[in-house]
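Welcome, and please load the model in your viewer. We will start with the whole chain and finish at a few chosen side chains.

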Amino acid sequence: MAEIHELSALELRAAYQARQLAPVEVLEALFVRIDRLEPSLHAFTTQTREMALSQARAAELTWMDSDANDWSPMLGIPVTIKDLVDVEGAPTTMGSLVTSHEPAATDELFVERLRDAGAIFLGKTNTSEFGLAAQTMNRVAPTTANPWNLERTAGGSSGGAAAACAAGFGPLHHGTDGGGSVRVPAAYCGVVGLKPTGRRIPRRVRGAGMSQISTDGVLARSLADAAMMLGVIAGPDRRDPAPYRSESVDFHSYTQAGSLGGVRVAWTTELAGPTPCEPLIESQVVAAAQALADAGANVSHAGPDIASPQEIFPVLSAVGAASNYAALCQGREDELSNYSRSSLRRGLALTGAQVAEVYAELDRLRRTMDSWFEKFDVLLTPTSAIAAHEHGARIDEIAGQPVNPWMISILYTPLANLIQSPAIAMPAGLDRDGLPISVQVMAREGDDATAIRCAAVLEEAGPSGASRLAPV
């Protein structure tokens, strides 16, 4: 058997069933690994070890006393939760000095589902402040490092989750994604980042601006693990004010690579006009397109003729910052990270007419993409135009072309949020510096199954999934 920290969630479950491992044994092995690596990575804001041990002991009792057919797929499986989301008994700092750091009184809805399913909570993972930046830097905790190179960023805002995943701090990790915050860290850290159709995963409250296009997601070292966790946490809840209502989907059933006959795939490295992209990453998109074609998909080199998401997304981000956090931050602006202050200022300076025009543009974008998805089932792009850069680096060009430094890592990801599409970041090898690169599979809103089917083909054709840990 591989070492415990190398095992996928499905492998852990099989080992439990065979009585080869027990949850407390697994947890203690993960604690050893976390103690060795966390001082360099800073993946966590809070570790919940007492809670985790209690959950592991309870899981062991269930494994011993109940029939295998009654076991939840998450029973005894370690997970982490991003520190933007409430876990009863743990603080929710949101990476900010201005939030209450008292233990949360209740679980978020999907966290409640994980707890009821017998998952083991390792802790809360680091995030940019309020999830507003694409690097995991804040004034609460040290900057999260990339396990592939400690001098490089793990991305953001779910950088703590991605670093924990790539380092072997358990198999499953929650993240949130408002413009790429699951997928970009997954790309930078060489893991799978699954953003489902918007609103598939329930929330008690849905805020304004970016919160309206954000959804929860999963980071894992294999597609099968990510889909399994999604199956546990997805689905409507009467306490969610705006759920995505659909029939129950067995996401895991789509994770075995098979024929893609009849699936129409378009691939591009350009969105809304020329888009700077590193040549090696572009070549991996071409290779991924060929892999999908080899599996029977009808593949075309084409992209949607759309207005730039970069004209819409920054405004929604600023609106969210102002609407969701301005009152909380009033009088304490000096305690904020620079990017949070900037987002608040931009949001508060917007007029109602400007916001209304952006929402009108968003409607036009959605109509255009609805028409485009009548011709294609899947859009294949890079996840990020670059690999992980140095901490805090200001990058104003990619492959010799100028680029807005604020958008360097999210040139391809916000579109899926704006149109509520499922999108999956899949590992696509390493660049010349030994850093992970990634491709993105996007499908029509609600068609998570087709996105997962295509991702499964790419996983089989590409680097290994669950066994691929960063060389920390």
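Here is a short tour, stop by stop.

**Stop 1: the whole chain.** Keep in mind that this is a predicted model. Select everything and colour by secondary structure: the chain has 14 helices and 15 strands. Now show just the C-alpha trace. Along the principal axes, the C-alpha atoms fill a box of roughly 60 × 60 × 45 Å. The radius of gyration is 21 Å, which agrees with the value near 23 Å that a compact globule of 472 residues would have.

**Stop 2: inside and outside.** Colour by relative accessibility next. Of the 472 residues, 61% are buried. Switch on the surface, and you are looking at about 17,400 Å² of exposed area, with 48% of it supplied by carbon and sulfur atoms.

**Stop 3: contacts along the sequence.** If you draw a contact map, set aside pairs fewer than 6 apart in sequence; of the contacts that remain, 78% join residues at least 24 apart.

**Stop 4: charges.** Select Lys and Arg in one colour, Asp and Glu in another. You should find 37 positive and 54 negative side chains, and the centres of the two sets lie 3 Å apart.

**Stop 5: cysteines.** Select Cys454 and Cys329. Cys454 is buried, because its relative accessibility is 0%. Cys329 also has 0% relative accessibility and so counts as buried. Why does Cys454 form no disulfide? Its closest cysteine sulfur, in Cys277, is 20 Å away, too far for a bond. Across the model, with sulfur pairs needing to be within 2.5 Å, the count is zero disulfides.

Notes. Residues numbered from 1 in each chain as written. Predicted model: local features only at pLDDT ≥ 70, side-chain atom pairs only at ≥ 80, totals over all residues. Heavy atoms only, no water. Helix = DSSP H or I, 4+ residues; strand = E, 2+ residues; numbered from the N terminus. Rg over C-alpha atoms; globule rule 2.2 N^0.38 Å. Buried < 20%, exposed > 50% of the residue type's maximum accessible area, 1.4 Å probe, protein only. Contact = heavy atoms within 4.5 Å. Areas by Shrake-Rupley, 256 points an atom, 1.4 Å probe, with all protein chains shown as cover. Charge placed at Lys NZ, Arg CZ, Asp CG, Glu CD.
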